[in-house]
Number of protein chains: 2
Amino acid sequence: MLKQAEPLDLVFQALADPTRRAIVERLGRGPATVSELAMPFTMSLAAVVQHLQVLEASGIVTSEKTGRVRTCRIESAALKPAERWLADRRATWEHRFDRLGELLATQPTDPPKGTTP
Amino acid sequence: MLKQAEPLDLVFQALADPTRRAIVERLGRGPATVSELAMPFTMSLAAVVQHLQVLEASGIVTSEKTGRVRTCRIESAALKPAERWLADRRATWEHRFDRLGELLATQPTDPPKGTTP
DNA sequence: CGCTTGCTTAAGCATGTGCTTTAGTATTCA
DNA sequence: TGAATACTAAAGCACATGCTTAAGCAAGCG
(Lines give C-alpha, C1' and ligand atoms only; values in the text may rest on other atoms or scores of the structure.)
Protein backbone atom coordinates (compact mmCIF):
# COMPACT_ATOMS: atom_id res chain seq x y z
CA MET A 1 0.00 0.00 0.00
CA LEU A 2 2.94 2.28 0.58
CA LYS A 3 0.94 5.19 1.93
CA GLN A 4 2.25 6.82 5.06
CA ALA A 5 -0.16 6.65 7.96
CA GLU A 6 -1.36 9.77 9.69
CA PRO A 7 -0.84 10.19 13.43
CA LEU A 8 -4.51 9.55 14.17
CA ASP A 9 -4.37 6.30 12.21
CA LEU A 10 -1.51 5.11 14.36
CA VAL A 11 -3.09 6.14 17.65
CA PHE A 12 -6.50 4.60 16.95
CA GLN A 13 -4.89 1.50 15.50
CA ALA A 14 -2.70 1.17 18.58
CA LEU A 15 -5.71 1.43 20.89
CA ALA A 16 -7.76 -1.09 18.90
CA ASP A 17 -6.06 -4.00 20.65
CA PRO A 18 -7.06 -5.02 24.20
CA THR A 19 -3.52 -6.07 25.11
CA ARG A 20 -2.20 -2.68 24.12
CA ARG A 21 -4.97 -0.86 25.99
CA ALA A 22 -4.15 -2.93 29.07
CA ILE A 23 -0.51 -1.88 28.71
CA VAL A 24 -1.53 1.76 28.45
CA GLU A 25 -3.76 1.38 31.52
CA ARG A 26 -0.87 -0.14 33.43
CA LEU A 27 1.48 2.65 32.36
CA GLY A 28 -1.12 5.17 33.46
CA ARG A 29 -0.30 4.11 37.00
CA GLY A 30 3.39 4.76 36.45
CA PRO A 31 6.41 3.69 34.38
CA ALA A 32 7.32 0.04 34.09
CA THR A 33 9.93 -2.17 32.53
CA VAL A 34 9.25 -4.42 29.57
CA SER A 35 9.16 -7.57 31.67
CA GLU A 36 6.91 -5.96 34.27
CA LEU A 37 4.52 -5.07 31.48
CA ALA A 38 4.71 -8.58 30.06
CA MET A 39 4.06 -10.38 33.33
CA PRO A 40 0.22 -10.20 33.39
CA PHE A 41 -0.03 -11.76 29.94
CA THR A 42 0.14 -15.37 28.89
CA MET A 43 1.74 -14.53 25.54
CA SER A 44 5.46 -14.53 24.98
CA LEU A 45 7.63 -11.60 25.95
CA ALA A 46 8.50 -11.09 22.31
CA ALA A 47 4.82 -10.56 21.52
CA VAL A 48 4.51 -7.93 24.23
CA VAL A 49 7.60 -6.18 22.88
CA GLN A 50 5.91 -6.05 19.49
CA HIS A 51 2.85 -4.46 21.05
CA LEU A 52 5.14 -1.93 22.71
CA GLN A 53 6.67 -1.14 19.34
CA VAL A 54 3.22 -0.35 17.97
CA LEU A 55 2.55 1.90 20.96
CA GLU A 56 5.89 3.65 20.53
CA ALA A 57 5.31 4.15 16.80
CA SER A 58 2.03 5.87 17.65
CA GLY A 59 3.76 8.10 20.21
CA ILE A 60 1.58 6.87 23.06
CA VAL A 61 4.53 5.29 24.84
CA THR A 62 8.15 6.32 25.11
CA SER A 63 10.97 4.29 26.56
CA GLU A 64 14.58 4.50 27.42
CA LYS A 65 17.10 1.84 28.10
CA THR A 66 19.35 1.94 31.11
CA GLY A 67 21.76 -0.94 31.29
CA ARG A 68 19.81 -3.92 30.08
CA VAL A 69 16.46 -2.64 31.34
CA ARG A 70 14.05 -0.70 29.16
CA THR A 71 11.66 1.49 31.09
CA CYS A 72 8.44 2.56 29.41
CA ARG A 73 6.18 5.46 30.24
CA ILE A 74 2.98 6.86 28.87
CA GLU A 75 3.05 10.02 26.75
CA SER A 76 -0.43 11.23 27.51
CA ALA A 77 -0.13 14.16 25.11
CA ALA A 78 -0.26 11.67 22.25
CA LEU A 79 -3.81 10.77 23.27
CA LYS A 80 -5.08 14.32 23.00
CA PRO A 81 -5.59 14.51 19.23
CA ALA A 82 -7.69 11.36 19.36
CA GLU A 83 -9.69 12.66 22.29
CA ARG A 84 -10.23 15.92 20.49
CA TRP A 85 -11.28 14.28 17.26
CA LEU A 86 -13.97 12.41 19.17
CA ALA A 87 -15.07 15.52 21.04
CA ASP A 88 -15.25 17.46 17.77
CA ARG A 89 -17.48 14.82 16.21
CA ARG A 90 -19.85 15.02 19.12
CA ALA A 91 -19.76 18.81 19.10
CA THR A 92 -20.58 18.98 15.39
CA TRP A 93 -23.35 16.51 15.84
CA GLU A 94 -24.89 18.31 18.81
CA HIS A 95 -24.53 21.66 17.11
CA ARG A 96 -26.56 20.22 14.29
CA PHE A 97 -29.39 19.56 16.69
CA ASP A 98 -29.12 23.13 17.97
CA ARG A 99 -29.61 24.44 14.45
CA LEU A 100 -32.46 22.02 13.93
CA GLY A 101 -33.99 23.31 17.16
CA GLU A 102 -33.69 26.89 15.93
CA LEU A 103 -35.26 25.97 12.64
CA LEU A 104 -38.17 24.32 14.36
CA ALA A 105 -38.52 27.28 16.71
CA THR A 106 -38.74 29.79 13.86
CA GLN A 107 -41.23 27.69 11.96
CA PRO A 108 -43.82 27.11 14.66
CA THR A 109 -46.61 24.64 14.39
CA ASP A 110 -47.67 25.88 17.80
CA PRO A 111 -47.79 29.36 19.45
CA PRO A 112 -45.44 28.79 22.51
CA LYS A 113 -42.05 30.34 22.02
CA GLY A 114 -39.73 30.54 25.06
CA THR A 115 -39.08 26.78 25.28
CA THR A 116 -35.78 26.51 23.43
CA PRO A 117 -32.61 27.30 25.48
CA MET B 1 -8.26 -16.05 16.21
CA LEU B 2 -11.85 -16.73 17.14
CA LYS B 3 -11.97 -14.35 20.08
CA GLN B 4 -14.93 -12.01 20.19
CA ALA B 5 -13.90 -8.41 20.01
CA GLU B 6 -14.91 -5.98 22.72
CA PRO B 7 -16.88 -2.85 21.79
CA LEU B 8 -13.85 -0.62 22.29
CA ASP B 9 -11.82 -2.80 19.93
CA LEU B 10 -14.40 -2.31 17.21
CA VAL B 11 -14.73 1.43 17.72
CA PHE B 12 -11.00 2.16 17.77
CA GLN B 13 -10.42 -0.21 14.88
CA ALA B 14 -13.16 1.51 12.89
CA LEU B 15 -11.63 4.92 13.51
CA ALA B 16 -8.13 3.79 12.60
CA ASP B 17 -8.83 4.26 8.90
CA PRO B 18 -8.83 7.72 7.28
CA THR B 19 -11.59 6.83 4.83
CA ARG B 20 -13.83 5.74 7.66
CA ARG B 21 -13.04 8.84 9.71
CA ALA B 22 -13.91 10.97 6.67
CA ILE B 23 -17.22 9.15 6.42
CA VAL B 24 -17.92 9.80 10.09
CA GLU B 25 -17.01 13.47 9.64
CA ARG B 26 -19.39 13.69 6.73
CA LEU B 27 -22.19 12.01 8.67
CA GLY B 28 -21.58 14.44 11.51
CA ARG B 29 -23.04 17.09 9.25
CA GLY B 30 -26.16 15.03 8.64
CA PRO B 31 -27.43 11.72 7.24
CA ALA B 32 -26.44 10.62 3.77
CA THR B 33 -27.03 7.80 1.32
CA VAL B 34 -24.40 5.24 0.43
CA SER B 35 -23.66 6.77 -2.95
CA GLU B 36 -23.47 10.28 -1.49
CA LEU B 37 -20.92 8.98 0.99
CA ALA B 38 -18.98 7.23 -1.76
CA MET B 39 -18.80 10.20 -4.11
CA PRO B 40 -15.78 12.01 -2.60
CA PHE B 41 -13.62 8.89 -2.86
CA THR B 42 -11.76 7.47 -5.80
CA MET B 43 -12.25 3.90 -4.64
CA SER B 44 -15.10 1.72 -5.81
CA LEU B 45 -18.54 1.94 -4.28
CA ALA B 46 -18.19 -1.63 -3.05
CA ALA B 47 -15.12 -0.61 -1.06
CA VAL B 48 -17.02 2.24 0.59
CA VAL B 49 -19.86 -0.14 1.44
CA GLN B 50 -17.32 -2.39 3.15
CA HIS B 51 -16.08 0.55 5.21
CA LEU B 52 -19.68 1.30 6.13
CA GLN B 53 -20.09 -2.28 7.28
CA VAL B 54 -17.12 -1.85 9.62
CA LEU B 55 -18.65 1.34 10.98
CA GLU B 56 -22.01 -0.34 11.48
CA ALA B 57 -20.43 -3.31 13.22
CA SER B 58 -18.81 -0.89 15.66
CA GLY B 59 -22.13 0.84 16.29
CA ILE B 60 -20.83 4.21 15.12
CA VAL B 61 -23.17 4.27 12.14
CA THR B 62 -26.71 3.01 11.69
CA SER B 63 -28.61 2.78 8.46
CA GLU B 64 -32.01 1.93 7.11
CA LYS B 65 -33.11 1.10 3.64
CA THR B 66 -36.11 2.76 2.04
CA GLY B 67 -36.88 1.52 -1.41
CA ARG B 68 -33.50 0.95 -2.98
CA VAL B 69 -31.77 3.74 -1.06
CA ARG B 70 -29.87 3.13 2.16
CA THR B 71 -29.56 6.16 4.39
CA CYS B 72 -26.79 6.26 6.98
CA ARG B 73 -26.55 8.35 10.10
CA ILE B 74 -24.05 8.71 12.89
CA GLU B 75 -24.75 7.18 16.30
CA SER B 76 -22.71 9.55 18.39
CA ALA B 77 -23.43 7.63 21.59
CA ALA B 78 -21.15 4.88 20.27
CA LEU B 79 -18.21 7.26 20.44
CA LYS B 80 -18.65 8.01 24.12
CA PRO B 81 -16.99 4.91 25.59
CA ALA B 82 -13.90 5.60 23.49
CA GLU B 83 -13.87 9.25 24.48
CA ARG B 84 -14.25 8.28 28.11
CA TRP B 85 -11.50 5.69 27.96
CA LEU B 86 -9.13 8.34 26.70
CA ALA B 87 -10.26 10.86 29.28
CA ASP B 88 -9.83 8.27 32.04
CA ARG B 89 -6.28 7.57 30.95
CA ARG B 90 -5.42 11.21 31.10
CA ALA B 91 -7.19 11.61 34.43
CA THR B 92 -5.32 8.69 35.99
CA TRP B 93 -2.05 10.01 34.64
CA GLU B 94 -2.62 13.52 35.92
CA HIS B 95 -3.85 12.27 39.27
CA ARG B 96 -0.59 10.41 39.54
CA PHE B 97 1.28 13.69 39.34
CA ASP B 98 -0.97 15.10 42.04
CA ARG B 99 -0.02 12.26 44.36
CA LEU B 100 3.62 12.64 43.41
CA GLY B 101 3.38 16.31 44.25
CA GLU B 102 1.91 15.49 47.65
CA LEU B 103 4.63 12.95 48.29
CA LEU B 104 7.36 15.38 47.42
CA ALA B 105 5.74 18.03 49.58
CA THR B 106 5.60 15.79 52.65
CA GLN B 107 9.02 14.23 52.16
CA PRO B 108 11.47 17.03 51.54
CA THR B 109 14.92 16.22 50.18
CA ASP B 110 15.75 12.79 51.48
CA PRO B 111 18.88 10.80 50.64
CA PRO B 112 17.88 8.35 47.86
CA LYS B 113 18.59 4.71 48.49
CA GLY B 114 16.69 2.22 46.32
CA THR B 115 16.29 2.93 42.63
CA THR B 116 12.79 1.53 42.13
CA PRO B 117 10.09 1.00 44.78
C1' DC C 1 -42.31 -3.35 -20.59
C1' DG C 2 -37.30 -2.59 -20.58
C1' DC C 3 -33.60 0.44 -18.85
C1' DT C 4 -31.28 2.89 -15.36
C1' DT C 5 -30.19 3.47 -10.48
C1' DG C 6 -28.60 2.06 -6.03
C1' DC C 7 -26.98 -0.92 -3.86
C1' DT C 8 -25.56 -6.18 -2.68
C1' DT C 9 -22.92 -10.42 -2.95
C1' DA C 10 -19.08 -13.05 -3.92
C1' DA C 11 -14.59 -14.25 -5.27
C1' DG C 12 -9.86 -13.13 -5.43
C1' DC C 13 -5.57 -10.97 -4.32
C1' DA C 14 -1.74 -8.22 -2.05
C1' DT C 15 -0.45 -6.64 2.23
C1' DG C 16 -0.83 -6.16 7.24
C1' DT C 17 -1.32 -8.07 12.00
C1' DG C 18 -0.60 -10.97 15.98
C1' DC C 19 1.40 -14.34 17.44
C1' DT C 20 5.15 -18.21 17.73
C1' DT C 21 9.93 -20.15 18.17
C1' DT C 22 14.74 -19.79 17.81
C1' DA C 23 18.91 -17.57 18.22
C1' DG C 24 21.28 -13.88 19.43
C1' DT C 25 23.57 -9.54 22.42
C1' DA C 26 24.52 -6.81 26.16
C1' DT C 27 24.48 -6.32 31.36
C1' DT C 28 24.77 -7.69 36.03
C1' DC C 29 26.08 -10.58 39.68
C1' DA C 30 28.09 -14.63 42.41
C1' DT D 1 34.91 -15.75 34.57
C1' DG D 2 30.73 -17.87 33.75
C1' DA D 3 25.80 -18.07 34.39
C1' DA D 4 21.54 -15.77 34.78
C1' DT D 5 18.79 -11.75 33.32
C1' DA D 6 16.57 -8.56 30.17
C1' DC D 7 15.71 -7.77 26.29
C1' DT D 8 16.42 -7.89 20.75
C1' DA D 9 16.19 -9.59 16.02
C1' DA D 10 14.49 -12.52 12.63
C1' DA D 11 11.91 -15.91 10.36
C1' DG D 12 7.62 -18.10 9.72
C1' DC D 13 2.72 -18.96 9.93
C1' DA D 14 -2.47 -18.32 10.23
C1' DC D 15 -5.75 -15.17 9.75
C1' DA D 16 -7.49 -10.23 9.05
C1' DT D 17 -7.85 -6.10 6.11
C1' DG D 18 -8.49 -3.14 2.16
C1' DC D 19 -9.09 -3.12 -1.92
C1' DT D 20 -10.59 -4.93 -6.87
C1' DT D 21 -13.80 -6.80 -10.51
C1' DA D 22 -17.88 -9.11 -11.96
C1' DA D 23 -22.40 -10.53 -11.52
C1' DG D 24 -26.98 -9.97 -9.60
C1' DC D 25 -31.31 -7.95 -8.03
C1' DA D 26 -35.01 -5.06 -6.42
C1' DA D 27 -36.84 -0.32 -6.95
C1' DG D 28 -38.26 3.48 -9.88
C1' DC D 29 -38.86 5.80 -14.39
C1' DG D 30 -40.05 6.78 -19.45
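Is A:T19 buried or exposed? Select it and take a look, keeping in mind that what you have on screen is a predicted model.

**Stop 1: A:T19.** You'll find A:T19 in helix α2 of chain A, which covers residues 18-28. Its relative accessibility is 9%, under the 20% cut-off, so A:T19 counts as buried. Now show what surrounds it: setting aside neighbours within four places in sequence, A:T19 is in contact with A:F41, A:M43 and A:H51.

**Stop 2: where the chains meet.** Colour by chain and select the contact between A and B. Each side has its share: 30 residues come from chain B and 30 from chain A. Together the two chains bury about 3100 Å², with 63% of that area on carbon and sulfur atoms. Next pick B:E83, B:L86 and B:W93; these supply 20% of the area chain B buries against chain A, more than any other three residues.

**Stop 3: charges and polar pairs.** Stay at the interface. There are 4 salt bridges across it. To see one, put A:R21 and B:D9 up as sticks: they form a salt bridge whose closest N and O atoms are 2.7 Å apart. The count of residue pairs in polar contact between the chains is 6.

Now switch to the chain B side and turn on the cartoon. The elements giving two or more residues to the side that touches chain A are α1 (7-15), α2 (18-28) and α5 (80-106) of chain B. Among these, α5(B) gives the most, with 11 residues. Colour that side of chain B by residue class and you get 15 nonpolar, 5 polar and 10 charged.

**Stop 4: the core.** In soluble globular proteins, nonpolar side chains tend to be buried together. Here, the largest nonpolar core has 52 residues, and the members touching the most others are A:F12, A:L15, A:I60, B:F12, B:L15 and B:I60.

Centre on B:L15. Which residues is B:L15 in contact with, leaving aside its neighbours within four places in sequence? From chain A, select A:F12, A:W85 and A:L86. From chain B, add B:R21, B:V24, B:I60 and B:L79.

**Stop 5: B:A77.** Finish in the loop between β3 (69-74) and α5 of chain B, where B:A77 lies. Its relative accessibility is 52%, over the 50% cut-off, so B:A77 counts as exposed. As a last check, draw a C-alpha to C-alpha distance from B:A77 to B:G59: the two are 18 residues apart in sequence and 8.7 Å apart in space.

Notes:
Residues are numbered from 1 along each chain as its sequence is written. Chains are lettered from A and ligands numbered from 1 in the order in which they are written. This is a predicted model: local features need pLDDT of at least 70, side-chain atom pairs count only at pLDDT 80 or more; totals for chains, interfaces and linings use all residues. Side-chain values use heavy atoms; hydrogens and water are left out. Contact means heavy atoms within 4.5 Å. Buried area is the accessible area (1.4 Å probe) that two parts lose on being put together, summed over both. A salt bridge is a side-chain nitrogen of Lys or Arg within 4 Å of a carboxyl oxygen of Asp or Glu. A polar contact is a pair of N or O atoms within 3.5 Å; within protein, one must be able to donate a hydrogen and the other to accept it, and residues adjacent in sequence count only if both atoms are side-chain atoms. Helices (H or I, at least four residues) and strands (E, at least two) are DSSP runs, numbered from the N terminus. Ala, Val, Leu, Ile, Met, Phe, Trp, Tyr, Cys and Pro count as nonpolar, Asp, Glu, Lys and Arg as charged, and the others, Gly among them, as polar. A nonpolar core is a set of buried Ala, Val, Leu, Ile, Met, Phe, Trp, Tyr and Cys residues joined through side-chain atoms within 4.5 Å. Buried means under 20% relative accessible area, exposed over 50%, partly exposed in between (1.4 Å probe, protein chains only).
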